[in-house]
Amino acid sequence: MWRGEAIDRRGFLKAAGITFTAALSPRSLMALERADAVYASGFRAPDGSFGVATVSERGEIIDRVALPARAHGIAYSAATGRTVAFARRPGTFAMVFDPSRQAEPVMISSPEGRHFYGHGHFSPDGSRLYASENDFDGNRGMIGVYDARDKFRRIGEFDAHGIGTHDMTVSDDGELLVIANGGIETHPDFGRAKLNVDRMEPSLVLLDAKTGALIQRHTLPVSLRQLSTRHLDIAEDGRIWFACQWEGERNALPPLAGWFSKGDDLSFAKLPEETTIRLGNYVGAIAVNRRDGVVGLTSPVGGAAVTLDAKTGTVVKEEAVREAAGVAPAAHGIAVSSYDGRFNDTRSKVAWDQHIIRLG
Amino acid sequence: MRKIVFAGLVSLLPAAALAQEGDAAPSVDLPMAEVTKVMTAAVDGFIRPGYDAFHEASGKMTTAMKALCEAPSRTSYDAAKSAFRDAAVSWAHIEVVRVGPVIEQNRFERILFYPDRKSTGLKQVQSVLSKADETATDPATLGTKSVAMQGFGALEYVLAGTGSEELLKTKNGYRCRYGAAIAGNIANVAKELSDIWDAPDGIQKAWEQPGPDNPSFRTSGEAITALLGILVHGAEAVRDQRIETFYKGEDKAKFPKQALFWRSENTWPTIRGNLEGLSTLLEKSGMVALLQEKDRPIVAATQAQLKSMIELSAKVAPDLEKAVENAAERRKLDKLLADGKEVIAKLNDGYGGAIGLSSGFSFSDGD
């Protein structure tokens, strides 16, 4: 079981319907029919164009949707089938599409004075879309709220209570917004440049999903102020896993992943020294496989994929994966993609982007 | 020695039941000796001389400003403006290095606060001139004030903005003394940067000798990727921050007064400085030596395109309001934008791909 709904490839096929499968090439249809799981990930094609693809667990591309520019994170609603590819920061678009192509795509533009940070999440019933955004002149992270039942009209925003907001997610009951504020100031005038590496303010925040009220905010100790808390996933017991990127001295050995629950302090995974080195002090993506009780971490810097026990945080597996990019729950263990086109068993002529999401 | 960063709850005990399948697989894995040679050449042949030259030029600018204040005349005024241009161009050469000490403690912004879409700097400079705040005439105290009023942008307004004719009329007037303090402040920051990079056991050593216990780069791949990053980000900054700020194409809105140093008509000299800085770093570092023979032409092609841009930028009308309104001048701007895109692609995908970043430098910078 992965985060979200307990549907599988058959559920995806059923939701997709005959019209969708009839439009697939025989090769894509075969890939879909023999898939145990279906994923989506952003990619760059050899001609430099960008898109998002649906992919079988073996890594075979099933379908592609073109995007105007590079995407980063993806949100998926098991309730409605809607999927959203968010522009990479400091991009200003989010493309809502239906992987089964039964609904017309919707393009969301960030409002004046905001850009997307690359991540977002649906409410459990699929009625709301939350997106991490930058109020760049105010230098504060925001959570944009969009009405998924009204053409994704922007209906409000919440203060993320931090700067450099990156990943965000929603608790299973839809009551909490969980936010990773990476602590790094950026401004579109300066592209992707990090403007405050020597005075970062990372934090992890829980908000009331209905009101935006601050429920809990964790800052990091002074010794870890250069530890950018960036990516999140939630385990079945509600434990919130977070993954980090270290901006401090390269010969330091900082903790790179940890967890907390509502009302609890932060805990950090006890990674062996060699694992921290192997990850290059940098975790680019994190995903929980609830069925197996494991957490996957990937590092493009170190070229590694690491699997942790979700209860204890101890390492159960390490793999060398050159240019490791995304990670997602597999039927067993974790699925891993790479910048050089590998997705589990298959190498495609695309560069997979940093994140994968499981659709069914 | 490697440093374990504790968070209170962290311990670093070996994990049990660990399944391990090979070491990590870094995307860029080049011979350490070759990379060390390149990094040493980059530091000793470009970065350190660049900051030393900037320190010297900013010192001369300070001297020229003080001379103007003591003896206002057309000659001393022209000399001050000339020294400003020389220091700004010297900065432009080394400005392409947007990593390391220059981005710490607001040093970059203290030297140059730009872009400034909301004219924060202009408002603050106009305010301090109208109030004649004496604390802004001492480089030491000025250095503690807003970064928007203590760098090149502020000094350009003092020398070429509304009311600058006052500099010719009043001996040791407030405007001139404020300008001299700005120059002194820039020289102070330049000295800091020069000293930090010249210290043999500091960042100089860290950059020149990557290794497992190095605070900057553990591996050869990390070091050379960072060096390539200077070139890619530097080329992007020229195109995106220095040209597209005021001109994005014939059909787009044009903002000539948003350009850096439009008042003093130093926009193109400093853009040339940026381009020459990129070209010099590419050459002096010897980065070409890290490529296989078949990939080496990408460096020559990049240099040729940079040379073309440097030459063309010298031919664009210095008055940007006229430049963006004239069809022939716009064609030059369009060519500079197109060439800039090519330079970025050659460095990003060409050089980046050749050293092992399969999808190019920018694609591989995570997030």
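**Briefing: sheet, nonpolar cores and disulfide**

Four bridges connect β4(A) with strand β5 (residues 83-87) of chain A, and the two run antiparallel. Helices (H or I, at least four residues) and strands (E, at least two) are DSSP runs numbered from the N terminus. This is a predicted model, in which local features need pLDDT of at least 70 and side-chain atom pairs count only at pLDDT 80 or more, while totals for chains, interfaces and linings use all residues. Residues are numbered from 1 along each chain as its sequence is written, chains are lettered from A and ligands numbered from 1 in the order in which they are written, and side-chain values use heavy atoms, with hydrogens and water left out.

**Sheet in chain A**

- An open sheet of four strands follows the order β4-β5-β6-β7 (chain A), with antiparallel pairing; two strands pair if DSSP finds at least two bridges between them.
- β4 (71-76) and β7 (106-109) of chain A lie at the edges with a single partner strand each, so one side of each has no neighbour in the sheet.
- On average, neighbouring strands of this sheet are turned by 20° against each other, direction ignored; the axes are lines fitted to C-alpha atoms, and angles run from 0 to 180 degrees between N-to-C directions.
- Ala75(A) stands opposite Val84(A) in β5(A).

**Nonpolar cores**

- The largest nonpolar core (buried Ala, Val, Leu, Ile, Met, Phe, Trp, Tyr and Cys residues joined through side-chain atoms within 4.5 Å) has 104 residues, and those with the most contacts inside it are Phe152(B), Tyr178(B), Trp207(B) and Leu227(B).
- Helix α1 (residues 32-70) of chain B supplies the largest share of this core, 15 residues.
- A second, separate core of 22 residues includes Ala40(A), Val52(A), Val65(A) and Ala85(A).
- Beyond its neighbours within four places in sequence, Trp207(B) is in contact (heavy atoms within 4.5 Å) with residues including Met39(B), Val43(B), Trp197(B), Phe217(B) and Leu227(B).

**Disulfide and cysteines**

- One disulfide (a pair of cysteine sulfur atoms within 2.5 Å) is counted over all chains.
- Cys69(B) and Cys176(B) form a disulfide with their sulfur atoms 2.2 Å apart.
- The pair links distant parts of the chain, 107 residues apart: Cys69(B) lies in helix α1 of chain B and Cys176(B) in helix α8 (residues 174-198) of chain B.
- The torsion about the S-S bond of Cys69(B) and Cys176(B) is about -100°, and the disulfide is therefore left-handed.
- Cys69(B) is buried at a relative accessible area of 3%, and Cys176(B) is buried at 2%; buried means under 20% relative accessible area, exposed over 50%, and partly exposed in between (1.4 Å probe, protein chains only).
- Cys244(A) is buried, with a relative accessible area of 0%.
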